[in-house]
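Colleague: Please show me the model, and then let me ask about it.

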Amino acid sequence: MKGRTRPNGSGTAYKRGKTWTARVVVGWKECPTGGFTPVYRTKGGFLRKKDALDYIPTLKQEKPKAKAPKLIDYWTTYHDGEFQQLSKSKQTAYSGAWKKLSTLYYRPVDQLTVAEIRENVSRVASTYYTVRDCKTVLTRLFALAGADGWCNKDLPSYIVLPKLSEKERQVFADTEQLNLWKLYESGDIRAAIPLLMIYTGMMPGEMQRLKVDNIDLDNRKITGIGMKTKVRKESPVFMPNDILPVVEDLISNAQPSGYLWPRNENKWYADYYAALEASGCRRLEPYCCRHTTATRLAVTENIAPQTIRRMMRWSTAKMLDRYAHPDEADVLEAADTMKRE
């Protein structure tokens with residue numbers, strides 16, 4: 001019987017293809033099923049077995065290469081540091097951008113490429129501001145990773161921002177609003193989503209977090225749902241009388257959790273657009289409802305700017321310039337108020 005040619009723990013060499021690989025045990029780990037299994041360190045590419053064996057003492061002394069942190073590790077560092085000094089609105093925007101980047105969370109930062117970053121951002125963001133926020137967040141995280149020497153800190157600079165469109169948001173025409181009411185009265189509760197936003201000026205995110213406990217029917221107010229700005233968070237949403245039956249209907253059909261809608265953002269948007277299609281409305285995005293509120297108050301009802309400011313929960317009435325959208329007919333009607341003395 002042939003004896004052992006190399007003592008235990010001194011390593012070995014084996015052939016892989018045309019080259020030799022040195023292997024040595026550097027530790028032991030416990031097996032889930034009991035007992036222990038060796039932990040190996042290897043080095044390949046040697047042309048001769050002797051060269052592989054001669055390298056074993058060096059292989060024993062080599063320090064294992066550290067694994068690069070994942071992107072989420074640098075988000076934690078950023079979130080606990082610089083992020084806390086940002087304004088609440090910036091925190092909200094950057095947190096939203098980070099949520100969109102979820103497919104990159106557990107990628108080692110040294111493996112991320114320009115192509116992968118671009119592809120992921122383009123898949124989750126399309127408008128100028130959402131892409132900009134994603135780019136800003138990635139820039140902050142790569143700056144931290146670059147400082148640690150794990151990657152090129154300038155990778156996010158290759159994200160191309162889409163063209164900023166300053167096109168006015170559209171508003172729901174009177175006939176479209178009437179059609180939404182007809183759809184609701186026919187028994188389609190989905191029409192309550194655009195109607196409630198048009199009649200209160202609520203934002204989509206506020207609607208989605210609305211609970212029965214937030215609603216005070218007697219005083220026609222909704223509280224505790226404001227988002228983004230300090231004024232919106234502290235100000236109540238006012239409800240006109242005509243929308244109260246819709247709110248009462250929604251309360252009677254509320255979720256067991258108290259929310260007026262299922263906690264599923266995709267379903268909420270699906271119901272919103274389904275209501276528009278069923279009523280024959282144009283496919284206007286949810287934020288157009290809020291613009292419709294401001295336009296109706298300013299143009300149709302001729303309400304004072306300061307009163308509109310409170311209704312819309314703005315910090316300044318100057319926001320009316322962005323939200324009210326009079327058309328040519330409205331302007332001509334206003335011009336006709338200038339009568340000959």
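The questions below deal with cores, salt bridges, strands and cysteines.

Colleague: What kind of model is this, and how are residues numbered?

Modeller: This is a predicted model, in which local features need pLDDT of at least 70 and side-chain atom pairs count only at pLDDT 80 or more, while totals for chains, interfaces and linings use all residues. Side-chain values use heavy atoms, with hydrogens and water left out, and residues are numbered from 1 along each chain as its sequence is written.

Colleague: Which helix gives the most to the largest nonpolar core?

Modeller: A nonpolar core is a set of buried Ala, Val, Leu, Ile, Met, Phe, Trp, Tyr and Cys residues joined through side-chain atoms within 4.5 Å; buried means under 20% relative accessible area, exposed over 50%, and partly exposed in between, with a 1.4 Å probe and protein chains only. The largest core has 37 residues, and Phe172, Leu196, Leu210, Ile243 and Trp261 have the most contacts inside it. At least two residues each come from H6 (174-185), H7 (192-200), H10 (244-252), H11 (265-279) and H12 (287-300), where helices (H or I, at least four residues) and strands (E, at least two) are DSSP runs numbered from the N terminus. With 7 residues, the one that gives the most to this core is H7.

Colleague: Which residues does isoleucine 243 touch?

Modeller: Contact means heavy atoms within 4.5 Å. Not counting residues up to four places away in sequence, isoleucine 243 touches Trp181, Leu195, Leu196 and Tyr199.

Colleague: How many residues does the other core have?

Modeller: That core lies apart from the one just described. Among its members are Ile72, Ile117, Cys134 and Leu155, and its size is 28 residues.

Colleague: What separates lysine 230 and glutamate 234 in helix H9?

Modeller: Their side chains meet in a salt bridge at 2.9 Å, N to O; the term requires a side-chain nitrogen of Lys or Arg within 4 Å of a carboxyl oxygen of Asp or Glu. Lysine 230 is exposed at 58% relative accessibility, and glutamate 234 is exposed at 56%. Because they are 4 residues apart in H9 (residues 230-234), the separation is about one helical turn.

Colleague: Is aspartate 133 buried or exposed?

Modeller: Aspartate 133 forms a salt bridge with arginine 132, with the closest N and O atoms 3.7 Å apart. Arginine 132 is partly exposed at 29% relative accessible area. Aspartate 133 has a value of 12%, so the class is buried.

Colleague: What is the strand order of the open sheet of 3 strands?

Modeller: Two strands pair if DSSP finds at least two bridges between them. E4 (215-216) and E6 (237-238) are the edge strands, each pairing on one side only, and 2 bridges join E4 to E5 (residues 221-222). The pairing is antiparallel and the order is E4-E5-E6.

Colleague: Which residue in the turn of the E2 and E3 hairpin has a positive phi?

Modeller: E2 (residues 19-30) and E3 (residues 36-46) run antiparallel and are joined by 9 bridges. The hairpin has 5 residues between the strands. The phi is about 105°, and the residue is glycine 34.

Colleague: How far is the sulfur of cysteine 288 from the closest cysteine sulfur?

Modeller: A disulfide is a pair of cysteine sulfur atoms within 2.5 Å, and the structure holds 0 disulfides. Cysteine 288 is buried, at 5% relative accessible area. The closest cysteine sulfur is in cysteine 289, too far for a bond, at 7.2 Å.
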